[in-house]
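Welcome! Let us walk through this structure together, with a question at each stop and the reasoning behind each answer.

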Amino acid sequence: MTDSIAASPEPRLNRRQAAKIRTRQKVLEAARSLFAERGYEPATIRDIAKGAGMSTGAVFANFQDKAELFEAVLTEDMTRLAEVVEAGAPQGEPVRDRLVGALSAGYHSSLDQLPLFQAIVARSWFQPLAAEMRARTATKKLQLAIGAILQDAVSRGEIAQDADLRLLVELIWDAYLSNYRRAAYDNWDAQALSDHIARQIDVILAGALVTR
């Protein structure tokens with residue numbers, strides 16, 4: 001084959017396949033709405049089916065159980081949030097400002113889904129190992145976005161070459177996620193969360209920054 005030969009077009013979906021995709025998306029949208037409003041436990045398959053305008057059987061035809069449905073919602077939402085975080089990091093600024101900008105953008109875009117983040121934290125303590133591994137995969141893109149900012153700072157000489165970037169990512173991610181508790185129990189808004197993560201980042205980066 002030569003480069004002049006066009007790649008074969010992807011096969012078109014038949015009517016049944018297209019309908020199945022539409023049904024799955026309707027279920028995901030209804031589930032996302034309920035998980036974001038109520039959290040994991042109070043959102044039932046029956047209510048999700050009702051919100052999607054279909055039977056519970058149609059839900060189970062697409063997802064094995066509520067846990068699998070939650071993981072599908074989590075994967076989609078974390079992918080979107082990773083894009084928001086990446087876009088929120090101001091280019092050319094010091095690493096501290098890039099991290100604060102990125103994570104602040106995350107808070108501002110996601111605080112209306114607070115019960116969903118509470119569910120992420122709560123389930124991480126009470127789910128099977130396999131489910132925990134899948135959840136970590138879903139949030140991996142967010143951690144990679146943080147890691148990319150730190151790696152760029154190493155390249156620019158802001159962070160020491162021997163800094164433990166994996167540990168820094170872990171500490172920043174844990175701080176970011178745990179701050180949603182402040183919103184849940186102390187009524188902090190997105191700006192208060194942003195101010196707090198800025199102070200946390202100052203402490204976390206203190207030992208890794210190159211002094212000039």
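Q: Which residues does Tyr176 contact, leaving aside its neighbours within four places in sequence?
A: In this predicted model, Tyr176 is in contact with Leu81, Leu103, Gly106, Tyr107, Ser110 and Ile197. Each of these counts as a contact because heavy atoms lie within 4.5 Å. Tyr176 itself is part of helix α8.

Q: Why is Tyr176 called buried?
A: The relative accessible area of Tyr176 is 1%. Buried means under 20%, so Tyr176 is called buried.

Q: How far apart are Tyr176 and Glu83, in sequence and in space?
A: In sequence they are 93 residues apart, and from C-alpha to C-alpha the distance is 16 Å.

Q: What makes Leu205 a buried residue?
A: Leu205, a member of helix α10, has a relative accessible area of 1%. The cut-off for buried is under 20%, so Leu205 qualifies.

Q: Which residues touch Leu205, leaving aside its neighbours within four places in sequence?
A: Val95, Arg96, Leu99, Leu150 and Ile159 are in contact with Leu205. As for Leu171, its C-alpha atom is 9.8 Å from that of Leu205, with the two positions 34 residues apart along the chain.

Q: Why does Asn62 count as buried?
A: Asn62 has a relative accessible area of 14%. That value is under 20%, so Asn62 is buried by the definition. You can find Asn62 in helix α3, which covers residues 56-62. Not counting residues up to four places away in sequence, Asn62 touches Lys20, Thr23, Arg24 and Glu68.

Q: Why is Thr211 called exposed?
A: Thr211 has a relative accessibility of 73%. Exposed means over 50%, so the word fits Thr211. Look for Thr211 in the segment after α10, a helix of residues 190-205.

Q: How far is Thr211 from Lys20?
A: Their C-alpha atoms are separated by 57 Å, and the two residues are 191 apart along the chain.

Q: How do you know that Gly53 is exposed?
A: The relative accessible area of Gly53 is 62%. Because the cut-off for exposed is over 50%, Gly53 belongs in that class. Gly53 sits in the loop between α2 (45-52) and α3. From the C-alpha atom of Gly53 to that of Ala131 the distance is 28 Å, and these residues are 78 apart along the chain.

Q: What is notable about the phi angle of Asn187?
A: Phi of Asn187 is near 60°, which is a positive value in a residue other than glycine. Asn187 belongs to the loop between α9 (180-186) and α10.

Q: Why is Asn187 described as exposed?
A: With a relative accessible area of 68%, Asn187 is over the 50% cut-off, so it is exposed.

Q: How many helices and strands does the chain have?
A: There are 10 helices and zero strands. Read along the sequence, the pattern is therefore α-α-α-α-α-α-α-α-α-α.

Q: What share of the chain counts as buried?
A: The share is 42% of the 212 residues. Being counted here means having a relative accessible area under 20%.

Q: What share of contacts joins residues at least 24 apart?
A: Among contacts between residues at least 6 apart in sequence, the share is 72%.

Q: What are the spans of the C-alpha trace along its principal axes?
A: They are about 65 × 60 × 30 Å.

Q: What part of the exposed area do carbon and sulfur atoms supply?
A: The chain exposes about 12,500 Å², and carbon and sulfur atoms supply 53% of it.

Q: How far apart are the mean positions of the positive and negative charges?
A: They are 9 Å apart, taken over 26 positive and 27 negative charges.

Q: How much space lies in the largest pocket, and which residues are closest to its centre?
A: The largest pocket holds about 470 Å³ of space. Of its 20 lining residues, Ser124, Glu132, Arg136, Trp173 and Leu177 are the closest to the centre.

Q: Which helices supply at least two residues each to the lining of the largest pocket?
A: They are α4 (66-88), α6 (114-125), α7 (129-155) and α8 (165-178). The largest share, seven residues, comes from α7.

Technical notes. Residues are numbered from 1 along each chain as its sequence is written. This is a predicted model: local features need pLDDT of at least 70, side-chain atom pairs count only at pLDDT 80 or more; totals for chains, interfaces and linings use all residues. Side-chain values use heavy atoms; hydrogens and water are left out. Helices (H or I, at least four residues) and strands (E, at least two) are DSSP runs, numbered from the N terminus. Buried means under 20% relative accessible area, exposed over 50%, partly exposed in between (1.4 Å probe, protein chains only). Accessible areas come from the Shrake-Rupley method with a 1.4 Å probe; for residues, only the protein chains shown count as cover. Lys and Arg count as positive and Asp and Glu as negative; His and the chain ends are not counted. The place of a charge is taken as NZ of Lys, CZ of Arg, CG of Asp or CD of Glu. On a 1 Å grid over the protein atoms alone, a cavity is a set of points where a 1.4 Å probe fits but cannot get out, and a pocket is an open set with protein on both sides within 12 Å along at least five of seven lines; lining residues have an atom within 4 Å of a point. Grid points are joined across faces, edges and corners, and a volume is the space filled by probe spheres set on the points.
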